[in-house]
Structures are given as C-alpha cells and as structure tokens.
Amino acid sequence: MNDASWTDTDRQAMLRALELARRGLYTTDPNPRVGCVLLQGGATVGEGWHERAGGPHAEVAALAAAGPAARGATAYVTLEPCNHYGRTPPCSLALIEAGVGRVVYAIDDPNPEVAGAGAARLREHGIAVDSGLLSSEAEVLNAGYFKRRRTGRPFVRVKLAASLDGRTALANGESRWITSKTARADAQYFRARSSVVLTGIGTVLSDDPAMNVRIDESRRQPLRAVLDSSMRTPPEARIVSRQGGVLVMAAREDASRREALERKGVEVSILPAVDGQPDLGAVLDLLGSRGANELWVEAGAILAGAFVRQRLFDELVVYLAPTLLGPDSRALVQLPPLAALADRLQLRFSECIAVGDDLRITAVPA
C-alpha cells in the first residue's frame, strides 16, 4: 500500500507490534524478532511475540490470547507470516484456521521457504493482505536475519573502546579500564543480542577474557569464537571454562592441541588461510552457514583493523572516554599507511549517545 493509505490505527497497531517484537531482542536467535497485534473493531483483542526458537511464533501467541475474538480481526505482524513446517506449524495456517479477516505485515520474509508464499496462501483463503507498513523499522530490528538470508553472512559489529584521542592502551599494554563501568555494562547488551562473540588469540592470551553475557535479560549465551591460527588457545582459558559453546577457528592443523581443546568441549574448525591467518570471508561464511545473524567482534587493534581494512563490517560501535593517553599509546585499529587522503575509509555516524561519562558512537560505511 501507499504510505498515505495507512490509517492512524494501522500505524499505532504496527508500532505496538514492533514494541512487542523487541522483547525478543536477546532471546529469539537464530529466529527473527517478531511481534503481533490483533484488532477487532479498533480494540486490541490479542497480542503476542516470539520469545525463543522452538517456541510459539508471535501470531500463534496473539491468537491464543484472543481466542474466539480473533475471528474477523485484523492481524498486524512485523514480518510476513511463515508458510512452512519447521519446529512449529506455519503461522499462515494458524491465521486461516482462526478466521482472521485481514493481515497487515511490515516486510517480506527473505527466507526462501517463505518469500511471498505466506502472503499468497492467506490471499488464496480469502484473507485481505497488505504489506510495507513501517518496513524500515522492522528491517532494522532484524538487520542480522535479513543480511544472513540475503548474503549468507551475519551482520558484523566491531566494538572498540578508546580515549578521546583514539588510543586503546598505553604503550606497555595497560588498558583496564579506559572506559567506565557503565560503558562496559552497556556493551553486555550487544553481546547478549548477538549470535556469536568473536575475539582473537592475542586478546585471549593477554587478557584471558570470559566473553560471556552477564545480564539478567538474557537467558542464552552466544557462541564464543576465537580466531586462532595455530590453536594456541589454552584449554584452561576462561573463555573455554564458561558455560556455552566455544569455537576455535584455525588456519592449520595441530593434532595434539586440537585433542586438548576438544576434550574441554571446544569445537575446532580449520579454515582457508590468508597470510597465515584464517580468511575472514571464510569465517563469515562459516558462521552464516551455522545460522549466525549478528556477529559481535570484541578484539584487539590487529583483528579489528583487519575487519575494517577488508570492509567486512556493518557497524563500528566505539565507546569514547573523556581522557587523553597521548601519541605513544596504542592505536584504535591497525591499518596500513595512506599515500593520499583520498584513500581514507569514509564513515557516517548513525548514532551518538552518552553512556555514563562516555560516548557511544556508531559509525557505518558511508
């Protein structure tokens, strides 16, 4: 429908559906976050949202809440209703059986098992279907899901923390802590919404981070991955000993080190190498094939710089502290020198907000 054709009731109902969908921000992976509102005569008779993979989809939850009042109602859904059997039956069938009169959804599902088939099935059963309402907002909410379905790779966020002059540590490596406790807590929410948290072997050996999620809102731990060309990850490292899956991606085989890691429950994958390091494109392909929607890269200047240099990121999330460390301190990312200013990587700020005493700046490729 044309934007001008939507009524205020339509918009308010879809805004509420998006609000419901956001409740699944930390829980639905690898499924998309979806919300649904049922209106009957302008009044809400049922609401629902997808909470976790394998659980009821948003439409089913809303229909259950509405009961008989769903007959003849309008369903507002943030994503095209599915039309295939997965862990649960198709939502298109549930809407048909409930007797809804109209379905309004925000955006087509890029999943080839849906991709217009859900809408077509509803229309075949006499249900009026309209789409495109608040589609941009719906896509932003599921940016990783849409990117994976379209390209086979996850949405990549690279996290950086620095002083005001763009330094991440003193020359001797001391870096705890440049940013505030509030900023570090804020980063936990990005970990929680991600499918995979990725770091490099240098960070594992120098800092021994756990890389797990430590917020109450999350009931799942993302896969923790280490880019480790020679399998030097210590079996006793904190990233290994914490609850949840761990994946080490290496560039060459080492049978004894692999065996030691696998005894600790670590999965090891050998990937094609570029300059002795696992190829980052192959890394993204592997993670996408495993259903990873969002990748959170939390690493040192070398690995972060590689993602930036190869243009393999979708967002840079930079926590900037109001302090100065000086030119001898370590740089934000490791990049090759430029011969001309015209060769610089151009970014665009998409968000800048205060987080405690620090700033969180989100930058995207221009």
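In this predicted model, strand β8 (196-200) is joined to β14 (294-298) by three bridges, and the two strands run parallel. Within this pairing, leucine 198 stands opposite valine 297 of β14. Strand β14 also pairs with β6 (155-163), again in the parallel sense, over five bridges. Here valine 158 is the residue that stands opposite valine 297. Valine 297 of β14 thus has valine 158 opposite it and also leucine 198.

The surroundings of β14 may be considered next. Five of the five residues of β14 are buried, so the strand is largely enclosed by the rest of the structure. In a regular strand the side chains alternate between the two faces of the sheet. For β14, Glu294, Trp296 and Glu298 lie on one side, while Leu295 and Val297 lie on the other. Both faces are covered, and the buried residues therefore include the two glutamates, Glu294 and Glu298, under the criterion of less than 20% relative accessible area.

Strand β14 is also part of the surroundings of helix α12, which spans residues 301-309. The buried residues of α12 are Leu303, Ala304, Gly305, Ala306, Phe307 and Val308. Their cover includes the strands β6, β8 and β14, together with β9 (223-227), β15 (315-321) and helix α11 (280-289). Just after α12, arginine 311 adopts a positive phi of about 55 degrees.

A further part of the model is an open sheet of five strands, in the order β2-β1-β3-β4-β5, with mixed pairing. Its edge strands are β2 (43-49) and β5 (128-131), each of which pairs on one side only. From one strand to the next, the twist averages 15 degrees. Strands of a sheet pair through backbone hydrogen bonds, either parallel or antiparallel. Strand β1, residues 35-40, runs antiparallel to β2 and is joined to it by six bridges. One bridge links leucine 39 with its partner in β2, threonine 44. Helix α1, formed by residues 8-21, lies across β1, β2, β3 (74-77) and β4 (102-105), and runs at about 145 degrees to β1.

The helices α2, α3 and α4 provide two packing arrangements to examine. Two packed helices are described by the angle between their axes and the distance between the axes. Helix α2 (residues 58-66) packs against α3 at an angle of about 20 degrees, with the axes 9 Å apart. Because angles under 35 degrees count as roughly parallel, α2 is roughly parallel to α3. The crossing of α2 past α3 is left-handed. Glu59, Val60 and Leu63 of α2 make the contact with Cys91, Ala94, Leu95 and Ala98 of α3. By class, this contact has six nonpolar residues, no polar residues and one charged residue.

Helix α3, residues 91-98, also packs against helix α4, residues 117-124, at an angle of about 20 degrees and with the axes 9 Å apart. Helices α3 and α4 are therefore roughly parallel to each other. In this case α3 passes α4 in a right-handed crossing. On the α3 side the contact is made by Ser92, Leu93, Leu95 and Ile96, and on the α4 side by Gly118, Arg121 and Leu122. These residues divide into four nonpolar, two polar and one charged. Leu95 of α3 takes part in the contact with α2 and also in the contact with α4.

Technical notes:
Residues numbered from 1 in each chain as written. Predicted model: local features only at pLDDT ≥ 70, side-chain atom pairs only at ≥ 80, totals over all residues. Heavy atoms only, no water. Pairing = 2+ DSSP bridges. Helix = DSSP H or I, 4+ residues; strand = E, 2+ residues; numbered from the N terminus. Axes fitted to C-alpha atoms, helices over the stretch in contact; angles between N-to-C directions. Contact = heavy atoms within 4.5 Å. Buried < 20%, exposed > 50% of the residue type's maximum accessible area, 1.4 Å probe, protein only. Parallel < 35°, antiparallel > 145°, perpendicular 65-115°, else oblique. Left-handed = near helix turned anticlockwise from the far one by under 90°. Nonpolar A, V, L, I, M, F, W, Y, C, P; charged D, E, K, R; others polar.
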